[in-house]
Amino acid sequence: MAISKAMIVFPLLCFLFSTISTLSHPNTLVCNETEKRALLSFKHALFDPAHRLSSWSTHEDCCGWNGVYCHNITGRVIKLDLTNLSCVAPIRILNYLDLSGNDFGGIPIPSFLGSMRSLTYLDLYYASFCGLIPPQLGNLSNLQHLSLGSGYSFYEPQLYVENLGWISHLSSLEYLVMYEVDLQRELHWLKSTSMLSSLSELYLVACELDNMSPSLGYVNFTSLTVLSLSWNHFNHEIPNWLFNLPLNSLGLSYNHLIGQIPEYLGNLSSLTILSLNGNRLNGSLPSRLWLLSNLEYLYIGNNSLEGTISEVHFNKLSKLKYLDMSSTSLIFKVKSNWVPAFQLEELWMSTCQIGPKFPTWIQTQTSLQYLDISKSGIVDIAPKWFWKWASHIDLLIDLSDNQISGNLSGVQLNNTYIDLSSNCFMGELPRLSPQVSVLKMANNSFSGPISLSCAKIEWKNLSGELSHCWTYWQSLTHLNLGNNNLSGKIPDSMGSLFELEALHLHNNRLSGDIPPSLRNCKSLGLLDLGGNKLSGNLPSWMGEWTTLVALSLRSNKLIGNIPPQICWLSSLIILDGSEYGSILKFVRSIDLSSNDFLSGLESLNLSCNNLMGSIPEKMGSMKALESLDLSRNHLSEDEDFQGKDVIDENEEGSEIPWFYIGMGLGFIVGFWEFVVLFIQESLRHAYFQFLYRVKDWVYVAIAIRYVSQHFVSFIFGKRKFGYDMYV
């Protein structure tokens with residue numbers, strides 16, 4: 001069996017080492033065990049008279065094998081260089097080739113694939129191929145499955161087609177996926193694909209298409225059951241020819257479709273998935289929509305739809321599982337004792353008019369994983385049963401921007417993502433289970449101590465002192481308590497947050513020293529303590545935070561010298577040290593000699609202090625510096641430093657609020673990624689590991705909402721394909 005697999009994989013790997021080239025070098029990373037076994041099987045299918053593969057043994061790490069090159073971060077095999085090795089082992093006729101999920105470095109799809117005429121399955125999705133799709137693929141007359149797409153490729157140009165005529169020769173094709181393939185040059189894509197009489201599933205997603213020929217009355221898709229044309233540029237009405245097809249799945253989401261949803265949608269009696277969200281559709285919903293008794297997914301949100309929907313409309317939709325009516329002007333008016341025939345797993349109704357009464361019918365939905373009824377006009381008290389019932393919703397609850405009231409004292413929240421902000425909740429803050437990852441409770445009337453166990457926390461409108469119970473939440477990675485009215489000292493127990501990557505305590509009234517226990521937070525990438533009343537010296541141990549990217553200590557009462565250990569912060573990009581009051585009270589010079597002083601630093605703010613003397617010459621070697629603010633000190637400019645873009649020391653209002661520095665962080669990090677990846681190899685591991693974990697701090701609220709809500713509408717099934725389109 002191993003020999004058989006090797007023979008199948010053999011021509012693929014010959015193709016790999018003959019076409020891929022990178023600048024990687026062997027490293028000491030531990031390789032992937034599955035790839036190691038595959039390479040050992042491959043070895044047995046090769047003729048190696050010179051024993052070049054003698055290092056390929058089960059006892060050695062494959063990243064150290066001769067000719068094997070692994071990724072510096074992931075340890076995955078990215079290159080095989082077996083030049084002059086004889087590939088003469090016998091092979092069988094290849095009929096299945098799956099290269100998806102690899103990184104081929106932006107090379108074109110090899111045209112010789114068109115000579116593998118026995119192929120019935122070819123998957124090149126998410127493999128970082130670029131350029132023209134070779135028309136030679138049209139020679140694969142036995143092909144039944146073809147999947148092409150750039151995925152998250154950073155390479156240019158993306159895959160494109162000049163003429164799709166070759167695809168009509170794939171007479172056996174049943175399944176066709178093109179994701180992010182540029183088809184805008186091909187005006188006759190519909191004619192070419194409709195000639196495939198065996199085609200049952202067609203996905204042309206994000207392909208720059210802009211015309212579905214709405215005037216056509218008939219298209220010869222006699223076997224087509226699944227059609228997804230989402231994320232294109234169609235700006236006309238929904239064409240009539242769609243409703244003559246034997247479809248059970250139709251995806252037209254995120255285009256620019258106009259007009260009303262046509263009544264003859266009811267012709268598609270077998271439809272299980274309908275995704276029309278993210279268009280410019282208007283008017284009321286067609287009456288025949290509610291006759292689609294097989295419907296499981298109904299996504300019509302983000303349109304200009306209007307009208308009133310009652311429980312009568314859902315009488316025949318007993319199979320419905322996913323419902324999205326969000327961002328519409330629909331009015332959802334049902335009786336308080338309504339018991340729906342369906343059991344939903346996801347309900348998205350943000351901005352629909354549901355209130356003023358709390359929707360009691362949702363109590364009947366015992367399978368819900370996502371509930372979003374934000375901005376729905378509810379002015380009511382949350383029922384007593386709601387919080388116990390809501391504890392069974394694992395993933396998301398969003399009640400924000402209503403006027404829902406109730407006392408949450410003693411309530412325990414168990415959901416991964418919770419947004420209760422901008423309501424009228426009161427009482428003590430609710431207890432949180434370790435499952436909670438994101439919690440938003442701003443603009444309510446809570447009181448009492450903070451007690452939490454989340455991975456990521458953001459709270460506003462808080463006052464009082466921080467508790468000393470942080471030792472219980474050592475898995476916490478992101479904490480944002482900025483812009484509140486917190487007072488007292490930073491608790492020593494915060495040093496127990498060993499996994500902490502981002503800490504925001506800015507703009508409070510915190511006082512006292514920076515606790516030495518924070519030294520234990522060695523994973524910190526962002527620390528913002530600005531706008532408080534912290535005193536004492538700047539700790540020298542801060543220089544041990546090698547992963548620190550952004551540091552703000554502005555507007556405090558720190559005193560003493562800047563410790564030279566700060567120069568050890570090799571990953572630092574943002575340093576904001578302005579307006580300390582007396583932080584630099586005793587500093588009369590800064591000695592940067594014999595140092596590579598933060599050579600990667602791109603923003604330095606030391607304004608509004610008592611610095612004096614000349615600006616050090618060594619600052620001129622800070623080539624990456626883009627923003628330097630030394631204003632409102634007592635400095636003189638050295639002639640050798642002229643030419644740098646320095647803010648005048650007497651310029652009024654020159655301070656740069658941390659908010660605006662944060663806005664620039666996206667650009668800075670983007671550029672720094674390039675610098676780290678291609679120049680400073682020693683920083684790659686720490687930097688990328690930080691970015692991989694911190695990136696969801698920015699995107700988590702959008703990602704949870706977007707992925708869960710639109711995975712079907714995007715390409716009918718992240719679950720079906722196993723593709724993760726967004727995270």
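In strand β26, the bridge partner of G427 is F446. Strands here, like helices, are DSSP runs numbered from the N terminus (H or I over at least four residues for helices, E over at least two for strands). The model is a predicted one, in which local features need pLDDT of at least 70 and side-chain atom pairs count only at pLDDT 80 or more, while totals for chains, interfaces and linings use all residues. Residues are numbered from 1 along each chain as its sequence is written, and side-chain values use heavy atoms, with hydrogens and water left out.

The pair G427 and F446 belongs to the contact between strand β23 (residues 424–428) and β26, which are joined in the parallel sense by three bridges. Two strands are taken to pair if DSSP finds at least two bridges between them. β23 is the middle member of an open sheet of three strands, in the order β20-β23-β26, with parallel pairing. The edges are formed by β20 (405–407) and β26 (445–447), each with a single partner strand, so one side of each has no neighbour in the sheet. On average, neighbouring strands of this sheet are turned by 10° against each other, direction ignored. The axes behind this value are lines fitted to C-alpha atoms (for helices over the stretch in contact), and angles run from 0 to 180 degrees between N-to-C directions.

A second open sheet has four strands in the order β10-β12-β14-β16, again with parallel pairing. Here β10 (258–259) and β16 (329–332) occupy the edges, and each has a single partner strand, so one side of each is left without a neighbour in the sheet. Strand β14 (residues 304–309) runs parallel to β16 and is joined to it by four bridges. T308 stands opposite I331 of β16.

Further along the chain, strand β28 (residues 463–465) runs parallel to strand β30 (residues 485–489), with three bridges between them. S463 stands opposite N485 of β30. β30 also pairs with strand β32 (residues 509–512), in the parallel sense and over three bridges. The bridge partner of S487 in β32 is R509. In general, strands of a sheet pair through backbone hydrogen bonds, either parallel or antiparallel.

Over the whole chain there are seven helices and 42 strands. Of its 727 residues, 54% count as buried, where buried means under 20% relative accessible area, exposed over 50% and partly exposed in between (1.4 Å probe, protein chains only). The accessible surface of the chain comes to about 31,600 Å², and 52% of this belongs to carbon and sulfur atoms. These areas come from the Shrake-Rupley method with a 1.4 Å probe; for residues, only the protein chains shown count as cover. Among contacts between residues at least 6 apart in sequence, 54% join residues at least 24 apart, a contact being heavy atoms within 4.5 Å.

The largest nonpolar core has 112 residues, and those with the most contacts inside it are W166, M178, F314, M325 and W387. Such a core is a set of buried Ala, Val, Leu, Ile, Met, Phe, Trp, Tyr and Cys residues joined through side-chain atoms within 4.5 Å. Elements that each supply at least two of its residues include β4 (121–125), β5 (145–149), β6 (175–179), α3 (189–194), β14, β16 and α4 (384–390). The largest share, four residues, comes from α4. Not counting residues up to four places away in sequence, W166 touches I133, P135, L137, G138, L146, V161 and M178. Apart from this core lies another, of 31 residues, among them L479, L486, L505 and L551.

Three buried residues illustrate local surroundings. E201, in strand β7, is buried with a relative accessible area of 15%. Its side chain makes a polar contact with the side chain of Y203 (2.6 Å). A polar contact is a pair of N or O atoms within 3.5 Å; within protein, one must be able to donate a hydrogen and the other to accept it, and residues adjacent in sequence count only if both atoms are side-chain atoms.

L503 lies in strand β31 (residues 502–504) and is buried, with a relative accessible area of 0%. Neighbours within four places in sequence aside, L503 is in contact with L479, L524, L526, L527 and D528. S517 lies in the loop between β32 and β33 (526–528) and counts as buried at 16% relative accessibility. The side chain of S517 reaches the backbone oxygen of D492 at 2.6 Å.
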